[in-house]
Amino acid sequence: MLEPLALEHDRKTTLPGLREALNALPPRPPILSFAEYVALPEDERAVYDEARDDFMRLTLRVPTPEQDLSARILAKLIASNPRRKNSRRGLMISAPMFYGKTELALLLARSVEHEHAKRFPDYAAAGEVPVVWVEVTDHATGKALLSQIVRFLAPTVGLPTQITTEELRRRTVDLLHIHRTKLLVIDEAHNLSGSDPSSVIKALQNESSATVALVGISLASGKAFGSGAGLQVTMRCDMVELRKIDGKSDDGLALWRRWVAIFDRNLPLCDHVPGTLTRNARVLHKAANGRLAVLAMIVERLVASIVDDPHRQDEQVTRERLFAVLDSLRHTTAVRHRITLDDLVEAA
Ligand SMILES: Nc1ncnc2c1ncn2[C@@H]1O[C@H](COP(=O)(O)OP(=O)(O)OP(=O)(O)O)[C@@H](O)[C@H]1O
Ligand SMILES: [Mg+2]
């Protein structure tokens, strides 16, 4: 019997919500044949289906070169920043819309938290908060950013309405210090606006040894950090940019094929025989225009389309089923491609 995964928090921008997100990695449910699955009582089948969905949505991820690169950079920064008195450095994760930025930041946050937990098993009870996560909403100022950090670390403390940015920053720095925060993730950082966000972030870097990770859309060229005062922050950050895979390069295509093969091997479908996805890797590259996030969406929709069909007689991945998903992308998402059924091949 499977235990349903309890998910109680909607947001990562609170401490319990972030911890839930960092720990929600349900394993792949046990493999069943379709006959065994059909024989299950209805409620157990529903739990099984939910476990499959959760596995797709939360756990099934592929390794990327940017994960290695940014993990290496971040480990170095976290080790060196507390031992600097000036010129502390941060990390920027930048890419266009829907490229896997938040997912990458989550992975980094998880590794920082778990690394800390290994060294200090009682850290949570001691009130330590190795990772703070904030999300910038439209046109937020530096001051709004600071109050989000304070709310994350001290949700029950009310802030005086007249509080100055200076005073707020002092409190923020104190809280980051008291809670031994190592990593401060600022997601959707492109939404910061005005001139004060960069001065606030720079001051945070000067006064706190927590390493700042700015995550957002095209940060190096955007308004907030691509020009003027924002460049001061950009200069103090190592930049990791996520890109699409170039189908003309052998290395690129090899990586893409590896990703498709990982998805294919791990599909939580009954009687699943890998092959169809892998054989159509090139077509998938075309359909997704080389973007991992779109590939992940195709795979997630493929599994959902099969599992959600109440009249199915099997759960095989066929070219017809794959095409139906690719076709639906054209109608229900911003993804445009010209793949036809004839472009797809059946598994050998
Ligand atoms: N390494 C990976 N393996 C599998 N799927 C991934 C991976 N990275 C990202 N994805 C998937 O890609 C999708 C988009 O990811 P994410 O939300 O991180 O993008 P984003 O760049 O932050 O988007 P936005 O610009 O809207 O903030 C998600 O469904 C995510 O699960
Ligand atoms: Mg995001």
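Student: What separates the centres of domain 1 and domain 2 in this model?

Tutor: In this predicted model, the centres of domain 1 and domain 2, taken over C-alpha atoms, are 35 Å apart; the domain assignment places domain 1 at 66–241 and domain 2 at 247–343.

Student: Why is ligand 1 said to lie between domain 1 and domain 2?

Tutor: Both domains give residues to the shell around ligand 1, and therefore the ligand lies between them. Of the 15 residues around ligand 1, those that come nearest are Gly 100, Thr 102, Glu 103, Ala 293 and Ala 296, while helix H5 (101–119) and helix H14 (292–307) are the elements that give two or more residues to this shell.

Student: How do you know that the end C-alpha atoms of H14 are as far apart as they should be?

Tutor: The 16 residues of H14, at 1.5 Å a residue, should span 22 Å, and because the end C-alpha atoms are 23 Å apart, the two values agree.

Student: What makes residues of H14 such as Leu 295 and Ile 298 count as buried?

Tutor: A residue is buried if 20 or more other C-beta atoms lie within 10 Å of its own, and Leu 295 and Ile 298 are among the residues of H14 that are buried. The buried residues of this helix pack against helix H3 (42–59), helix H11 (250–266), helix H13 (281–288) and helix H15 (319–332).

Student: Which residues touch the most other members of the largest nonpolar core?

Tutor: Within that core of 53 residues, they are Ala 109, Val 185, Ile 186 and Ala 213. Apart from it lies another core, of 30 residues, including Ala 51 and Ile 298.

How values were computed. Residues are numbered from 1 along each chain as its sequence is written. Chains are lettered from A and ligands numbered from 1 in the order in which they are written. This is a predicted model: local features need pLDDT of at least 70, side-chain atom pairs count only at pLDDT 80 or more; totals for chains, interfaces and linings use all residues. Domain bounds come from an automatic or database domain assignment. A nonpolar core is a set of buried Ala, Val, Leu, Ile, Met, Phe, Trp, Tyr and Cys residues joined through C-beta atoms within 7 Å. A residue is buried if 20 or more other C-beta atoms lie within 10 Å of its own, exposed if 12 or fewer, and partly exposed in between; C-beta atoms are placed from the backbone. A residue is near a molecule or strand if its C-beta atom, placed from the backbone, lies within 6 Å of it. Helices (H or I, at least four residues) and strands (E, at least two) are DSSP runs, numbered from the N terminus. The expected span of a helix is 1.5 Å times one less than its number of residues. Two residues are in contact if their C-beta atoms, placed from the backbone, lie within 7 Å.
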